Each structure stands twice: as C-alpha cells, then as structure tokens.
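Grab a pencil and work through these exercises with the model open beside you. Try each task before you read its solution.

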Amino acid sequence: MQKKVTELYIVDALSFTEAESRIIGEMSCFISGEFEVVSEKITNYSELVQSPDGDRWYRAKVVFKTLDEKTMNEKKQAQYYLVQAKNIDNAKLTLEQFMHGTLADWECEALQETKIMDVFLYAPDALHGKAKTYEGEILKGAEDSIASSPSCRRAAKKFIDSIPDGQKATISATGCKDVVIDKTHGHEKQDDA
C-alpha cells in the first residue's frame, strides 16, 4: 500500500529555483516513484553547526547581550542556529564548543529538536548546478555526489537493512550493472563452488 509522506530538508541555495532543482537532484538518487516539492520558504538560521556523529537537527535560539553605551541598558539580540547532534545533551555541548571563544556574551535561550531530515550545503562542483560537457565527467560527478551525500548513504543502509535475512535482492537500472544484495546464509560457499 502506498502512502504519501512529507519530509523537511534544508538546501543552501541562492533562489527558490536553484533550491528546487538541487533537492530534486539529491532526492532522485534514492526515491523510486513520483515525488514533488510541495513548498519552499526562506529560513532564519544564522549558522550551521555540524557534528560528524550527529543524525538529528536541533534549533537553538542564541541570545547575544550587548550594552547600549548611550542609555547603559542591556540590549538582547536573538539569532537561530541549526545544530547537528545525536541527542539534546550532545546538541548543547556541540553548540557550547562552537561558541567557545566568542567575544560577545551569549546564552542559549531555547533548544529543540526539529523534523529536518538532512541539510544540503552549496557545492560549486555539484552535478545539479553546472552542466558538464562530457558524459564521463557527468557520471563521475554523480558518483562523487552520491558517495559523499549522507542522505544517500543512510537511504542505502536503510534499504539494505530492510531486506530480511535469508533473502536475496537484485537492483537493476538501465545502463548500469546489476547490484545483488545476498542475505542468504552460506552464499559465500556457493559462490566459491
């Protein structure tokens, strides 16, 4: 049974057109069937704080405190940070490490988990941006883009994990070699025979 799902992604782009083009390119590597971009909007994140072991995204409201020299009153200015972490405690620690050495007084006023699935940063050599002249360069760019994309790696791992033990699956695509995922027990011995 097919069911529609909506997922939230952040795309670093200069226009809505570029964002839509890039997200379609990124998603097409692991979505089979039809999909569409249903809405786009500009976010108000000032900084992106990445962590290599994080798989969730947290929105942090950071308040900077300054002193107005004329009135001698404390002035507060809020900025929003997108923090990648494995849990909320790790997000707070990651943010503190990122902000270490900041000259202004600051305070994390709020920290909450978001529904963001992944973030796609701008890459000048990405396949989805500039057209290449040779087919070989396009294929190489696609391989590099897919291999370096965390969302593609997660989708591939999720797909492989979804195949039950004792089964064998073959993935076919026009112009590509078939990929066989064999989870039958003893398949190593059968291949050697």
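**Exercise 1: Getting to know K61**

K61 lies in strand β3; helices (H or I, at least four residues) and strands (E, at least two) are DSSP runs, numbered from the N terminus. Before you start, note that this is a predicted model, where local features need pLDDT of at least 70, side-chain atom pairs count only at pLDDT 80 or more, and totals for chains, interfaces and linings use all residues. Residues are numbered from 1 along each chain as its sequence is written, and side-chain values use heavy atoms, with hydrogens and water left out.

Task: Work out whether K61 counts as buried, partly exposed or exposed, and list what K61 is in contact with.

Solution.
- Step 1: Recall the cut-offs: buried is under 20% relative accessible area, exposed is over 50%, and partly exposed is in between (1.4 Å probe, protein chains only).
- Step 2: K61 has 25% relative accessibility, so it counts as partly exposed.
- Step 3: Now look for contacts, meaning heavy atoms within 4.5 Å. Skip the neighbours within four places in sequence, and K61 is in contact with A78, Q79, Y80, E107, C108, E109 and A110.
- Step 4: Take Q79 from that list. K61 and Q79 sit 18 residues apart in sequence, yet their C-alpha atoms are 5.9 Å apart in space.

**Exercise 2: Laying out the sheet**

Task: Find the order of the four strands in the open sheet, then name the edge strands.

Solution.
- Step 1: Two strands pair if DSSP finds at least two bridges between them.
- Step 2: Follow the pairs across and you read β2-β4-β3-β5, with mixed pairing.
- Step 3: β2 (45-49) and β5 (105-113) each pair on one side only, which makes them the edge strands.
- Step 4: From one strand to the next, the twist averages 30°. Axes here are lines fitted to C-alpha atoms, for helices over the stretch in contact, and angles run from 0 to 180 degrees between N-to-C directions.
- Step 5: Zoom in on β3 and β5: they pair in the antiparallel sense over eight bridges. F64, for one, has W106 in β5 as its bridge partner.
- Step 6: Add the helix: α2 packs on the sheet and touches β2, β3, β4 and β5, and its direction makes about 120° with that of β4.

**Exercise 3: Finding the core**

Task: Which elements give two or more residues to the largest nonpolar core?

Solution.
- Step 1: A nonpolar core is a set of buried Ala, Val, Leu, Ile, Met, Phe, Trp, Tyr and Cys residues joined through side-chain atoms within 4.5 Å.
- Step 2: The largest one has twelve residues, including V49, Y58, F64, Y81, V83 and L95.
- Step 3: β3 (56-67), β4 (74-85) and α2 (88-99) each give two or more. β3 has the largest share, with four residues.
- Step 4: Don't miss the other core, which lies apart and has five residues, among them I10, W57, L82 and I116.

**Exercise 4: An aromatic pair**

Task: What kind of aromatic pair do Y81 and F98 form?

Solution.
- Step 1: Rings of Phe, Tyr and Trp (its six-membered ring) pair if their centres lie within 6.5 Å; planes under 30 degrees apart count as stacked, over 60 as edge-to-face and the rest as tilted.
- Step 2: By this rule there are two aromatic pairs. Y81 and F98 are 6.3 Å apart centre to centre with 70° between the planes, an edge-to-face pair.
- Step 3: Y81 is in strand β4 and F98 in helix α2, so the pair ties together parts 17 residues apart in sequence.
- Step 4: Y81 is buried at 4% relative accessible area, whereas F98 is partly exposed at 36%.
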